[in-house]
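Work through these exercises with the model open. Each task is followed by a stepwise solution.

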Amino acid sequence: MSEQLVWWRNAVVYQIYPKSFADGNGDGVGDLSGAASRLDYLQALGVDAVWFSPIFPSPQCDGGYDVSDYRDIDPLFGTIADAERFIQEAHKRRIRVILDVVPNHSSIEHPFFIEAMKTSPGSAAWQRFHCVQGKGANGELPPNNWQSIFGGIAWTQIRNETGAPTGWWYLHLFDSGQPDLNWNHPDVVKEFDDTLRFWFDRGVDGIRIDVAQGMVKQAGYPDVKDVNDATLLDPHARPYFDQPEVHDIYRRWRKIADSYDAPRVFVAEAWLDTPEKRARYLRADELHTGFNFDLLTAEWNAEAWKRIITDSIAADALVGAPTTWVTENHDVRRSPTRYGGRVVHRQVATPQHLALGRVRALAAMHTILALPGTTYLFNGQELGLEEVIDLDDAQRQDPHFHRTRGEHLGRDGCRVPMPWSRTGVSLGFGPPTGSQPWLSQPASWAMLSVEAQEASPSSSLNRTRRAIEVRRTQQALLCGALEWDNDRCKDGVVVFRRVFAGHPTVVCIANMGSTTTPAVAGDLLCTSGDLVGGEVPPNTTAWFATRD
Ligand code: GLC
């Protein structure tokens with residue numbers, strides 16, 4: 001099959017959190033013109049595709065994951081013309097573009113919801129949502145015990161034009177500004193058919209599907225057994241997730257994607273508790289790929305990594321899908337903070353903790369870049385940015401923080417704008433005369449900025465570039481099978497080979513243990529840290545080319 005048809009099977013995809021990547025107009029918030037001005041940077045980094053978190057019009061109650069118009073661009077980020085220009089410029093550099101569609105819920109400012117609010121609950125307009133009569137004599141109690149993933153009850157009581165409660169409630173698995181859509185309604189189905197075609201027609205190469213295991217809710221809205229077990233990160237079979245009918249939606253969408261030349265591609269964001277369940281979304285007539293979050297939540301531990309890698313590849317192979325690897329995104333704490341040790345709630349990581357965490361994070365990134373399948377990097381991951389724990393509460397925007405009254409710090413700490421230069425009001429995130437960034441950057445990020453790291457050959461940025469470049473040129477890393485070196489997988493060390501006939505074998509040694517481990521005979525292709533006496537020290541991943 002041509003490269004064009006299968007690019008998504010072994011790509012490096014770079015996630016742009018649009019508010020935090022680059023600010024072109026100087027208002028303190030990232031945008032499309034800023035992102036376009038950094039395309040040369042992305043090309044030099046060597047990524048195959050970018051994925052934008054949502055850029056559609058939105059009241060921004062959940063960082064754009066509350067969409068009021070799926071077929072336009074939020075003025076905060078630019079215009080449709082800016083999006084088209086970005087796509088064109090990206091394509092010129094052989095970088096593909098993935099957008100993020102949010103089909104489980106819309107925004108309370110979406111025309112469907114505005115129309116519903118003008119009518120009485122139970123009306124035809126309300127059928128596009130989950131509008132249900134409450135319990136109790138006057139419907140004053142929510143219809144069931146479902147909890148919002150952001151905290152609190154998952155239902156909001158609908159009020160009439162005088163503000164009086166109606167006894168009817170609408171469902172929102174996330175914030176009250178994100179009403180769940182009713183996928184049994186033909187208007188909802190059409191809305192997304194039209195949306196996919198709209199963006200595919202504009203040259204978008206793929207779509208990330210937000211909360212892809214959602215959308216279908218069990219009839220009758222039965223209670224969940226344990227209300228304390230209703231988090232997104234710890235999924236279990238629930239009456240609102242992973243219902244069998246959700247697969248019908250994807251079979252329909254696949255036909256739309258396949259009707260394009262070149263076929264467009266999907267990546268599912270589906271938090272599921274086993275690789276086998278995830279694989280069901282990746283059957284040949286459904287979605288092409290899905291995020292594998294198992295490493296995203298794993299500790300820095302060789303046995304855990306080996307088990308996850310083995311199980312993930314085995315499950316995805318059952319349906320012929322490539323596996324994906326993720327160690328950071330906009331929903332979890334940055335990896336240097338996670339890998340340096342335990343940081344509880346507001347506790348700020350010590351410099352020693354962060355130094356260790358950064359070394360491990362770079363080794364982890366080298367490990368996932370050596371695995372078969374598609375690797376996702378989150379903007380700033382290449383710089384080794386840490387989670388910003390001590391943001392001012394007044395700056396925090398995440399509904400998870402607000403709905404839990406600060407019990408959960410939320411996800412703002414991984415969304416702090418990128419530092420591009422050593423100096424300036426926003427460390428180069430925006431123009432020199434621009435505003436302060438929407439979340440404050442730590443002063444120490446001057447030294448982590450792109451400018452500072454460009455200057456040092458052994459920086460996280462330069463090592464990441466090198467790893468991606470090597471990955472592109474080593475056929476075994478792109479297409480080779482993975483074989484474990486079981487004899488060497490002990491004492492905290494993970495060793496695997498990538499083997500492709502007629503090409504050098506690549507051996508990846510990830511040392512997650514506490515003592516130095518021998519290298520292999522062969523050429524050192526790249527390493528996350530310097531070897532010591534020719535051996536791979538703890539918290540380091542190195543790749544070697546061998547001809548055996
Ligand atoms: C996904 C997004 C997350 C968002 C949620 C609701 O999990 O990654 O950022 O808050 O969906 O749309």
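**Exercise 1.** How far does a polar side-chain atom of Arg208 lie from an oxygen atom of the ligand?

Solution. The model is predicted: local features need pLDDT of at least 70, side-chain atom pairs count only at pLDDT 80 or more, and totals for chains, interfaces and linings use all residues. Residues are numbered from 1 along each chain as its sequence is written, and side-chain values use heavy atoms, with hydrogens and water left out.

Step 1. Take the Arg208 pair: the distance is 3.0 Å. A polar contact here is a pair of N or O atoms within 3.5 Å.

Step 2. Ask how much of the ligand is covered. The protein covers 100% of the 310 Å² of accessible area that the ligand has on its own (Shrake-Rupley method, 1.4 Å probe).

Step 3. Add two further pairs. Asp62 places a polar side-chain atom 2.6 Å from a ligand oxygen. For His105, a side-chain N or O atom is 2.9 Å from an oxygen atom of the ligand.

**Exercise 2.** Describe the shell around the ligand.

Solution. Step 1. Count the residues with a heavy atom within 4 Å: 15 surround the ligand, and the closest are Asp62, His105, Asp210, Glu269 and Asp331.

Step 2. Sort them by class. The shell has 5 nonpolar, 3 polar and 7 charged residues. Asp, Glu, Lys and Arg count as charged; Ala, Val, Leu, Ile, Met, Phe, Trp, Tyr, Cys and Pro as nonpolar; the others, Gly among them, as polar.

**Exercise 3.** Which cavity does the ligand take up?

Solution. Step 1. Define the search. On a 1 Å grid over the protein atoms alone, a cavity is a set of points where a 1.4 Å probe fits but cannot get out; lining residues have an atom within 4 Å of a point.

Step 2. Place the ligand. Its space is the largest cavity (more than half of its atoms lie within 2 Å of the grid points).

Step 3. Size the largest cavity: about 120 Å³. It has 14 lining residues, with Asp62, Phe174, Asp210, Asp331 and Arg411 closest to its centre.

Key. A polar contact is a pair of N or O atoms within 3.5 Å; within protein, one must be able to donate a hydrogen and the other to accept it, and residues adjacent in sequence count only if both atoms are side-chain atoms. On a 1 Å grid over the protein atoms alone, a cavity is a set of points where a 1.4 Å probe fits but cannot get out, and a pocket is an open set with protein on both sides within 12 Å along at least five of seven lines; lining residues have an atom within 4 Å of a point. Grid points are joined across faces, edges and corners, and a volume is the space filled by probe spheres set on the points.
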